[in-house]
Every structure is written in structure tokens, then in C-alpha cells.
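Let's take a walk through this one, from the overall fold down to a few side-chain pairs. Have the sequence and the 3D view open as you read.

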Amino acid sequence: MRISLWLLALMISISVKAEMVDTFQFHSDQERVRAVALAKSLRCPQCQNQNLVESNATQAYQLRLEVYEMVRQGKSNEEIIQIMTDRFGYFVNYKPPINAQTAILWGTPFALVLFAIGAIVWRIRSKK
């Protein structure tokens with residue numbers, strides 16, 4: 001009986017999800033939509049696999065407010081992304097640009113696929 005109560009409590013605690021609520025005031029709905037979309041396109045530097053909107057980390061919350069403030073100030077998406085990239089590197093972008101610094105990031109999946117195809121072809125030829 002006691003074990004089943006512990007399991008029930010564990011299942012309930014796992015399913016509970018706390019979220020920070022942003023109470024930032026925008027001048028218009030378009031600004032709000034743009035700011036949220038921009039925050040969703042930037043990765044949380046602390047969490048690594050969540051964007052700024054999904055993350056509950058304090059740093060993500062602060063960065064989200066900075067993004068909202070920059071949108072409110074009238075900065076373009078490119079300017080905001082550049083500011084965040086200058087601060088945190090290309091890691092902060094979910095879709096980093098293709099350049100010399102991100103070549104490994106973009107090239108590794110293709111290299112792995114080519115390596116796997118080569119290994120399969122080699123294995124088939126060596127059995128004949």
C-alpha cells in the first residue's frame with residue numbers, strides 16, 4: 001500500500017510543470033508576436049536544448065526580457081540575433097549560418113551518412 005502511494009505521488013510530481021509568466025507590456029500585438037517568435041528562435045545558453053521561451057532558467061528569463069525590450073525599442077530581428085550571437089556565439093541560434101566557424105556543425109551529419117554508406121558498400125563487397 002505504501003509503495004503504491006509513493007508511486008502515485010511520484011507520477012503526480014513528474015507530471016506537474018511550473019512555468020514563469022512574462023508580464024512584459026508591449027505597444028501592440030504585432031510586437032508581442034514578433035518578440036515571442038524571436039525568443040523561440042534563440043537557444044537558452046544554460047539549458048542547451050530549450051529555447052528562451054520554453055526554458056525556466058533564470059538566465060533564459062533575463063535574456064527573454066532583454067529580447068522583449070530590444071523589440072520594444074524598435075531593433076530589427078537581425079540586430080537582436082547579432083547582439084545575442086556576439087554575446088554567446090553561434091550556439092545561441094537554432095539555425096546558425098553556414099560559414100567557416102560552423103562548417104563542422106553543418107558538415108558532420110553529411111560526413112557520417114557518407115561514412116555509413118561507404119561502410120555498407122565495403123561490407124557487401126568484402127562478402128563477395
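What follows is a short tour of the fold, the annotated segment, the side-chain pairs and one surface patch.

## The overall picture

First, a reminder that this is a predicted model. The protein is built from five helices and has zero strands, so reading from the N terminus you get α-α-α-α-α.

How much of the protein is buried? Of its 128 residues, 21% are buried. The accessible surface adds up to about 9700 Å², and carbon and sulfur atoms account for 62% of that. As for how the chain meets itself, take the contacts between residues at least 6 apart in sequence: 50% of them join residues at least 24 apart.

## The annotated stretch

The UniProt record, an unreviewed entry, carries the annotation "transmembrane region" for residues 103-122. What does the model show there? Residues 103-122 are 100% helix and 0% strand, and the C-alpha atoms at the two ends of the span sit 27 Å apart. Bear in mind that an annotation like this may be inferred rather than shown by experiment.

## One aromatic pair

Search the whole structure for aromatic pairs and you find one. It is made by Phe-26 and Tyr-68, with ring centres 5.3 Å apart and planes at 70°. Planes over 60 degrees apart count as edge-to-face, so that is the label for Phe-26 and Tyr-68.

Where do the two partners come from? Phe-26 is in the loop between α1 (2-15) and α2 (29-40), while Tyr-68 belongs to helix α3 (residues 58-72). The pair therefore ties together parts that are 42 residues apart in sequence. Are these rings buried or exposed? With buried meaning under 20% relative accessible area, Phe-26 makes the cut at 18%, and Tyr-68 is buried too, at 3%.

## Two salt bridges

Now for the charged side chains. The structure holds two salt bridges. One of them joins the side chains of Asp-29 and Arg-32, at 3.8 Å from N to O. Both residues are in helix α2, and because they are three residues apart, about one helical turn separates Asp-29 from Arg-32. Asp-29 is exposed at 53% relative accessibility, whereas Arg-32 is partly exposed at 39%.

The side chains of Glu-66 and Arg-87 also meet in a salt bridge, at 2.5 Å from N to O. This pair links distant parts of the chain, with Glu-66 in helix α3 and Arg-87 in helix α4 (residues 77-88), 21 residues apart. Glu-66 is partly exposed, with a relative accessible area of 30%, and Arg-87 is partly exposed as well, at 45%.

## A greasy patch at the start

Which residues make the nonpolar surface patch? Met-1, Leu-5, Leu-8 and Ile-12 do, and the patch covers about 460 Å². Met-1 lies in the segment before α1. At 79% relative accessibility, Met-1 counts as exposed, since the cut-off for exposed is over 50%.

## Pulling it together

If you want places to click on in the viewer, try helix α3. Tyr-68 in α3 is half of the aromatic pair with Phe-26, and Glu-66 in α3 is bridged to Arg-87 in α4. After that, look at residues 103-122, the stretch that the UniProt record annotates.

Technical notes. Residues numbered from 1 in each chain as written. Predicted model: local features only at pLDDT ≥ 70, side-chain atom pairs only at ≥ 80, totals over all residues. Heavy atoms only, no water. Helix = DSSP H or I, 4+ residues; strand = E, 2+ residues; numbered from the N terminus. Phe/Tyr/Trp six-rings, centres within 6.5 Å; stacked < 30°, edge-to-face > 60°. Buried < 20%, exposed > 50% of the residue type's maximum accessible area, 1.4 Å probe, protein only. Patch = residues over 30% accessible without salt bridge, like charges linked within 9 Å, V, L, I, M, F, W, Y side chains within 5 Å. Areas by Shrake-Rupley, 256 points an atom, 1.4 Å probe, with all protein chains shown as cover. Salt bridge = Lys/Arg side-chain N within 4 Å of Asp/Glu carboxyl O. Contact = heavy atoms within 4.5 Å.
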